[in-house]
Amino acid sequence: MFKKVLVANRGEIAVRIIRALREMGIASVAVYSEADRQAYHTELADEAICIGPAKTLDSYANPVAILSAALVTGADAIHPGYGFLSERSDFVTMCEEVGVTFIGPKASIIRDMGNKQNARETMRQAGVPITPGSPGLVEDLIQAEAIAQEIGYPLMIKAADGGGGKGMRRVDSPDQLANLFAQAQQETQSIYGNQDLYIERIIYPAKHIEVQLLGDQQGQVVHLGERDCSLQRKNQKVIEIAPATGLADDVRQALCQTAVQAAQSIGYTNAGTIEFLVDQEGSYYFMEMNTRLQVEHPITEMITGIDIVKEQIRIAQGLPLSFKQDEVQFDGVAIECRLNAEDPRADFMPSSGYIDRLILPAGGMGLRTESAIYPHYSLPPFYDSMIAKIITHQPTRQAAFNLMQRALVEVNVEGLTTNVELLEALVHDRDVQADHFHIRWLEEEFMPKWQVEEEADGAI
């Protein structure tokens with residue numbers, strides 16, 4: 001059993017993991033950069049240790065610094081959260097070499113699933129439907145043009161090692177291909193150190209549906225249902241809903257079973273998510289597998305009553321899952337809104353600075369807020385813009401939206417620009433409430449209308 005776990009992350013997810021550890025009677029170690037000396041997670045943990053300068057590559061994404069901190073503090077294990085080192089297979093190997101347990105899947109699984117083209121081929125062999133696209137990496141523009149002619153437009157160019165919308169370009173017509181292919185190559189090279197790209201046909205209009213999985217070391221893999229993550233901008237999620245209430249029951253069942261079988265076929269352990277595109281006819285296609293905890297895991301916890309973080313820790317200790325598949329019960333509807341320090345009116349430009357005054361909705365019946373900011377805290381400009389997650393859970397979809405509307409009204413973050421007004425507009429929108437949206441809806445239909453309305457209100 002673990003006596004001490006180092007949390008290799010920051011912000012709200014570090015706070016979330018530290019709290020779970022304390023409830024399990026396990027000591028926690030927080031790490032922080034020089035820019036995060038006053039961060040909340042450093043005060044909440046039993047120990048805290050500085051791991052380097054503000055720059056991510058010198059601190060939170062520095063495997064040597066993280067492992068050194070673990071060894072110095074005598075940590076038995078490392079929980080990576082999400083982002084940073086959570087999907088670095090080389091880091092997992094380093095943990096194994098020094099005898100520190102990585103709370104996540106095996107290095108080989110992370111490596112195989114981290115390369116998106118390899119993941120597509122692995123899923124295809126496992127019988128999972130994949131989107132039409134390139135059979136392997138696309139080496140040059142001539143090859144890209146041939147593939148595009150075969151599969152048709154619109155299509156998406158993707159970095160093989162990508163995620164979070166990085167190294168991606170949507171191409172709507174042949175005349176755009178050369179320029180956007182070059183852009184994707186340059187961005188992929190700058191971020192990942194290679195130009196490995198592949199091409200997929202865009203399934204449009206479609207829903208972005210993901211299935212939450214847990215697998216233990218005894219070979220049991222279960223699903224905790226699915227989430228609708230279609231409300232996105234720049235390929236990044238804004239609002240998530242569980243379950244995906246617009247899915248037909250037979251499609252839902254097939255999706256979840258397909259995800260479980262795929263995870264079993266690769267010997268998956270710990271928490272993971274398989275993401276699908278689902279078209280209007282109910283056909284579904286594999287997108288990618290995330291071999292880590294997801295930002296939106298709380299909504300699944302709310303509808304199942306299962307603590308995913310604690311199950312992760314149990315699995316890493318070699319314990320079996322604390323439940324069987326037939327014991328998973330689904331109750332009600334949960335919604336998560338990501339409160340970001342950014343300006344939606346200025347192309348979502350990030351915001352940072354001193355927080356003069358802060359009010360976040362207090363937790364209560366069906367309401368959960370996760371954050372690591374506090375009044376008079378200076379938000380550094382070096383990291384992700386998300387500052388809080390607001391989660392509601394109610395018996396029905398409409399009731400969950402009603403509670404979210406009330407919760408967002410209470411948000412007040414003075415000193416920073418946030419996306420709270422955009423979130424409020426979304427949760428009041430009739431199309432959102434009625435599930436009449438797809439993966440491109442927010443950018444293509446909602447944002448232009450909202451921006452016009454905002455400009456009109458400003459003129460008044």
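**Pockets, a helix pair and some odd backbone spots**

Okay, let me start with the second largest pocket: its lining breaks down into nine nonpolar residues, five polar ones and four charged ones. Before I go on, keep in mind that this is a predicted model. As for volume, the second largest pocket holds about 290 Å³ of space. There are 18 lining residues, and those closest to the centre are Lys207, Gly246, Val278, Asp279 and Gln280. Which elements give two or more residues to that lining? Those would be strand E9, residues 206–215, and strand E12, residues 270–279. E9 supplies the largest share of the lining, with three residues.

Now let me zoom out to the whole chain. We've got 15 helices and 22 strands in the protein chain. The radius of gyration comes out at 21 Å, and the globule rule gives 23 Å for 460 residues; those two are close, so the chain is as compact as a globular protein of that length. If you'd rather think in terms of a box, the C-alpha trace spans about 60 × 55 × 45 Å along its principal axes.

What about enclosed space? If you count cavities of 30 Å³ or more, you get one. The largest cavity has a volume of about 50 Å³. It's lined by 14 residues, and Pro80, Ile103, Arg292, Leu293 and Gln312 are the closest to its centre. How does the lining of the largest cavity divide by residue type? Six of the residues are nonpolar, seven are polar and one is charged.

Next up, a helix pair. In general, you describe two packed helices by the angle between their axes and the distance between the axes. Here I'm looking at helix H4, residues 89–98, and helix H5, residues 107–114. Their axes come within 8 Å and cross at roughly 175°. Angles over 145 degrees count as roughly antiparallel, so H4 and H5 are roughly antiparallel to each other. On the H4 side, the contact uses Ser89, Val92, Thr93 and Glu96, while H5 brings in Ala107, Ile110 and Arg111. By type, the contact of H4 with H5 divides into three nonpolar residues, two polar and two charged.

Last topic: backbone geometry, for anyone who likes checking torsions. Where are the cis peptide bonds I'd like to show you? One joins Tyr153 and Pro154, with omega at about -5°. Pro154 sits in the loop between helix H7, residues 141–151, and strand E6, residues 155–159. Another cis peptide bond joins Ala242 and Pro243, again with omega at about -5°. You'll find Pro243 in the loop between strand E11, residues 236–242, and helix H9, residues 249–265.

And then there's Phe84. Phe84 isn't a glycine, yet its phi is positive, at about 50°. Its place is the loop between strand E4, residues 77–79, and H4, and H4 is the helix we just saw running roughly antiparallel to H5.

That's what I had; happy to pull any of these up on the screen.

Notes
Residues are numbered from 1 along each chain as its sequence is written. This is a predicted model: local features need pLDDT of at least 70, side-chain atom pairs count only at pLDDT 80 or more; totals for chains, interfaces and linings use all residues. Side-chain values use heavy atoms; hydrogens and water are left out. On a 1 Å grid over the protein atoms alone, a cavity is a set of points where a 1.4 Å probe fits but cannot get out, and a pocket is an open set with protein on both sides within 12 Å along at least five of seven lines; lining residues have an atom within 4 Å of a point. Grid points are joined across faces, edges and corners, and a volume is the space filled by probe spheres set on the points. Helices (H or I, at least four residues) and strands (E, at least two) are DSSP runs, numbered from the N terminus. Ala, Val, Leu, Ile, Met, Phe, Trp, Tyr, Cys and Pro count as nonpolar, Asp, Glu, Lys and Arg as charged, and the others, Gly among them, as polar. Axes are lines fitted to C-alpha atoms, for helices over the stretch in contact, and angles run from 0 to 180 degrees between N-to-C directions. Angles under 35 degrees count as roughly parallel, over 145 as roughly antiparallel, 65 to 115 as roughly perpendicular and the rest as oblique. Contact means heavy atoms within 4.5 Å. The radius of gyration is taken over C-alpha atoms; the globule rule is 2.2 Å times the number of residues to the power 0.38.
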